[in-house]
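Here are some short exercises to help you find your way around a new structure. Have a go at each task before you read the solution under it.

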Amino acid sequence: MAYPALVTQSRFLFQKPNLSILSSPHVSSSVIPKDYSSPRSKTQFLKLPGMFARKVVVSVTTTEEPWKRYPGPGGESKGKGFVEEMRFVAMKLHTREQAAEGEMEAKAPEEEPVDKWEPTLDGYLKFLVNVKLVYDTLEEIIEEASFPSYAEFRNSGLERSEKLARDLEWFREKGYAIGEPSAPGVTYAHYLKQLSNKDPQAFICHFYNVYFANSAGGRIISKKVTREILDNKELEFYKYDADLSQLLQTMRDKLNKVAENWSRDDKNRCLEETQKSFQFYRDILRLILS
Ligand code: HEM
């Protein structure tokens, strides 16, 4: 499992004052800068204890530059709320091919434009089984509400667990073999369960990203697989029982309300979690191409 190494390395780097790794051959994608000052990027060779010297692009934060990296505390005061910050960070973690606001380079097949994907039905079924485990877990966590704020997110209309159960049942009835969740889903579900009991801010970052990812990128993927491997069968997974933009807006309002009680540290911890949510979810998306 590749995560512990990456996570440990990233945590270590986070502890370095005023230094954030934006890209490196060893750190798969951008790490969120610690503050809201301008990151001026430059390439450096960095020698870290116990590691070989490596070429990294570092951001150097200075106090002279008032330029803002995020729509941070200023953005909030303009009335847009914390979701705008979460979105800002998430959009930058997309590849340029995935979304107009994306800043990452595609390094793996699932990061290439969806148009170029060559999905397989077998792989897509594996994806559905694994992604269902993630939504089952998120929805159980919200139902149990080990932190009271989670209860705010119940019955949002964005839930996907039952829809996915119906889709899988449809495939079963058609005679397809449906396997058990594998490493990508099991690992992410386990991580979410643990995180939800100890760090609600970090957990809510995953909650936001996973539900909003399906509403945006999910639709692009849906078009591709419906046309190319599902013989135009439209899955329940991508359907909502009410107007989707309204459901999303209600969820944004709830997230903003919950985050009003967070300190700046809480908010930063939440934003820093975005990268992990992309990494876990990408490993599940990759199954579509397996
Ligand atoms: C094939 C992969 C993906 C594609 C093609 C894709 C595409 C997109 C696009 C086009 C948007 C912009 C939607 C808009 O502003 O109208 C978007 C938004 C977003 N994506 Fe992705 N995405 C992908 C993967 C992911 C992943 C892995 C995550 C995180 C787990 C993610 C999280 C988000 C979030 C949080 C938004 C903001 C949604 C909103 O503000 O309503 N996406 N994505």
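**Exercise 1. A loop residue with an unusual phi**

Task: Is Ala-145 buried or exposed, judging by its relative accessible area?

Solution: Keep in mind that the model is predicted.
- Step one is to look up the value: the relative accessible area of Ala-145 is 18%.
- Step two is the cut-off: buried means under 20%. Ala-145 is therefore buried.
- Step three is to place the residue, and Ala-145 turns up in the loop between helix 4 and helix 5.
- Step four is the backbone. Most residues other than glycine have a negative phi. Ala-145, though not a glycine, has a positive phi, near 45°.

**Exercise 2. Another positive phi**

Task: Find the loop that holds Asn-232, then decide whether Asn-232 is buried or exposed.

Solution: Start with the location.
- Asn-232 sits in the loop between helix 7 and helix 8 (244–259).
- Its relative accessibility comes to 56%, and exposed means over 50%, so Asn-232 counts as exposed.
- Now check the backbone: phi of Asn-232 is near 65°, which is a positive value in a residue other than glycine.

While you're in this loop, take a look at Glu-234, which is also found between helix 7 and helix 8. Leaving out residues up to four places away in sequence, Glu-234 touches Thr-226 and Lys-239. From the C-alpha of Glu-234 to that of Lys-223, eleven residues apart along the chain, the separation is 8.7 Å.

**Exercise 3. Two more loop residues**

Task: Work out how Ser-149 should be classed by its relative accessible area, and do the job again for Thr-95.

Solution: Take Ser-149 to begin with.
- Ser-149 lies in the loop between helix 4 (121–144) and helix 5 (161–173).
- Its relative accessible area is 23%. Partly exposed covers values between 20% and 50%, so Ser-149 is partly exposed.
- Set aside neighbours within four places in sequence, and Ser-149 is in contact with Ile-204 and Val-258.
- Val-258 is 109 residues away from Ser-149 in sequence, yet their C-alpha atoms are 6.6 Å apart in space.

Now for Thr-95.
- You'll find Thr-95 in the loop between helix 3 and helix 4.
- With a relative accessibility of 1%, Thr-95 counts as buried.
- Not counting residues up to four places away in sequence, Thr-95 touches Gly-102, Met-104, Glu-105, Ala-106 and Glu-111.

**Exercise 4. Around the ligand**

Task: Which helix gives the most to the shell around the ligand, and which residues are closest to the ligand?

Solution: Begin with the space and work inwards.
- The ligand takes up the space of the largest pocket.
- Around the ligand are 20 residues. Sorted by class, the shell has 13 nonpolar, five polar and two charged residues.
- Helix 3 (82–92), helix 7 (200–228) and helix 10 (274–285) each supply at least two residues of this shell. Helix 7 gives the most, with seven residues.
- The closest residues are Arg-87, Met-91, His-94, Gln-98 and Arg-252.
- Finally, pick out some polar atom pairs. A polar side-chain atom of Arg-87 is 2.5 Å from an oxygen atom of the ligand. For Arg-252, a polar side-chain atom lies 3.1 Å from a ligand oxygen atom. In the side chain of His-94, an N or O atom is 2.9 Å from a nitrogen atom of the ligand.

How values were computed. Residues numbered from 1 in each chain as written. Predicted model: local features only at pLDDT ≥ 70, side-chain atom pairs only at ≥ 80, totals over all residues. Heavy atoms only, no water. Near = heavy atom within 4 Å. Polar contact = N/O pair within 3.5 Å; in protein donor to acceptor, adjacent residues only side chain to side chain. 1 Å grid on protein atoms, 1.4 Å probe; cavity = no way out; pocket = protein on both sides within 12 Å on 5 of 7 lines; lining within 4 Å. Sits in = over half its atoms within 2 Å of the grid points. Helix = DSSP H or I, 4+ residues; strand = E, 2+ residues; numbered from the N terminus. Nonpolar A, V, L, I, M, F, W, Y, C, P; charged D, E, K, R; others polar. Buried < 20%, exposed > 50% of the residue type's maximum accessible area, 1.4 Å probe, protein only. Contact = heavy atoms within 4.5 Å.
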